[in-house]
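Please look at the sequence and the 3D structure shown below. The paragraphs after them give a guided reading for someone meeting this structure for the first time.

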Amino acid sequence: MELRDQLFQQAIAEYAEGVSRVARSYVRSGAEHEDLLQEIWLGLWRALPSFRGDASLKTFVYRITHNRCVTEISRRKPQHGGEDLLLELEDTCPGPAEQLAAERKSERLLSAVQQLPLGLRQTLTLRLEGLSYAEISEVLGIINSAIL
């Protein structure tokens, strides 16, 4: 198996769930989420030949994710009025009351995260995915003078 294939499979195995959660914080519907995920994985596949190992695979994957998400935001038409309140809610697995309550809590959290200013949203979602502050600054392209 080619190195590119190995790295791609490793990225999917280790970071697919986190990438999905980060992408979900940038979009309003399940369809947009699926489209964005396809763009992210395609972007990663195309970028892997340039991966030199200067950064970890983790930060490389989240950098691609971040860039694709920002590109998605820039392509959107400006929003008017209360359209942000019209989030698509999906109930894919009906279950007991506890599961429903947990899902609603998750949806409220996602909605709250989506309302944050872009910089805070980016930082928070990457931190929730377990990236260190140094990794977050690398993903977002922020130079921290305290590290230098």
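What follows goes from the overall fold to the core, the rings and some single residues.

The model is predicted. Its secondary structure consists of six helices and zero strands, so that, read from the N terminus, the order of elements is α-α-α-α-α-α. The protein has 148 residues, and 32% of them count as buried. About 9,400 Å² of the protein is exposed, and 56% of that area is supplied by carbon and sulfur atoms. Among the contacts between residues at least 6 apart in sequence, 68% join residues at least 24 apart.

The interior comes next. In soluble globular proteins, nonpolar side chains tend to be buried together. Here the largest nonpolar core has 27 residues, and V19, L44, L57, Y62 and L126 are those with the most contacts inside it. Helices α1, α2, α3 and α6 each supply at least two residues of this core. Its largest share comes from α1, with seven residues. What does V19 touch, leaving aside residues up to four places away in sequence? V19 is in contact with L37, I40, W41, V61, Y62 and T65.

The aromatic rings can be followed next. A pair of aromatic rings is described by the distance of the centres and the angle of the planes. A search of the whole structure gives four aromatic pairs. In one of them, Y15 and Y62 have ring centres 6.1 Å apart and planes at 70°; because the angle is over 60 degrees, this pair is edge-to-face. Y15 belongs to helix α1 (residues 3-24) and Y62 to helix α3 (residues 57-75), so the pair ties together parts that are 47 residues apart in sequence. Are these two tyrosines buried or exposed? Y15 has a relative accessible area of 12% and is buried, because the cut-off for buried is under 20%. Y62, at 2% relative accessibility, counts as buried too.

F51 and F60 form an aromatic pair that is tilted, with 4.8 Å from centre to centre and 55° between the planes. F60 counts as buried, with a relative accessibility of 16%. Elsewhere, F8, W41 and W45 form one aromatic cluster. W41 is also one of the residues that V19 touches.

Two rings have a charged side chain over them. R121 lies over the face of Y26, and its distance from the ring centre is 5.4 Å. In the other case, the charged end of R127 sits over the ring of Y133, at 4.3 Å from the centre.

Y26 leads on to helix α2, where L36 has its place. The C-alpha atoms of L36 and Y26 are separated by 9.0 Å, and the two residues are 10 residues apart along the chain. L36 is buried, at 2% relative accessibility. Not counting residues up to four places away in sequence, L36 touches A23, Y26, V27, R68, C69 and E72.

The loop between α1 and α2 (30-47) holds S29. At 15% relative accessibility, S29 is also a buried residue. Its side chain reaches the backbone nitrogen of E32 at 3.1 Å.

Towards the C terminus, T125 lies in helix α5. T125 has a relative accessible area of 7%, so it is buried. Which residues does T125 touch, not counting those up to four places away in sequence? They are V22, S25 and V113. T125 and V113 are 12 residues apart in sequence, and their C-alpha atoms are 8.2 Å apart in space.

The last helix to consider is α6 (residues 133-140), whose buried residues are E135, I136, S137, V139 and L140. An α-helix has 3.6 residues a turn, so residues three or four places apart point the same way. The buried residues of α6 pack against α3 and α5 (118-128). Just after α6, G141 takes a positive phi of about 75°.

To return to the core, α6 is among the helices that supply at least two residues to it, together with α1, α2 and α3. Y62 appears both in this core, as one of the residues with the most contacts, and in the edge-to-face pair with Y15.

Conventions:
Residues numbered from 1 in each chain as written. Predicted model: local features only at pLDDT ≥ 70, side-chain atom pairs only at ≥ 80, totals over all residues. Heavy atoms only, no water. Helix = DSSP H or I, 4+ residues; strand = E, 2+ residues; numbered from the N terminus. Buried < 20%, exposed > 50% of the residue type's maximum accessible area, 1.4 Å probe, protein only. Contact = heavy atoms within 4.5 Å. Areas by Shrake-Rupley, 256 points an atom, 1.4 Å probe, with all protein chains shown as cover. Phe/Tyr/Trp six-rings, centres within 6.5 Å; stacked < 30°, edge-to-face > 60°. Lys NZ or Arg CZ within 6 Å of the ring centre and 35° of its normal. Polar contact = N/O pair within 3.5 Å; in protein donor to acceptor, adjacent residues only side chain to side chain. Core = buried A, V, L, I, M, F, W, Y, C linked by side-chain atoms within 4.5 Å.
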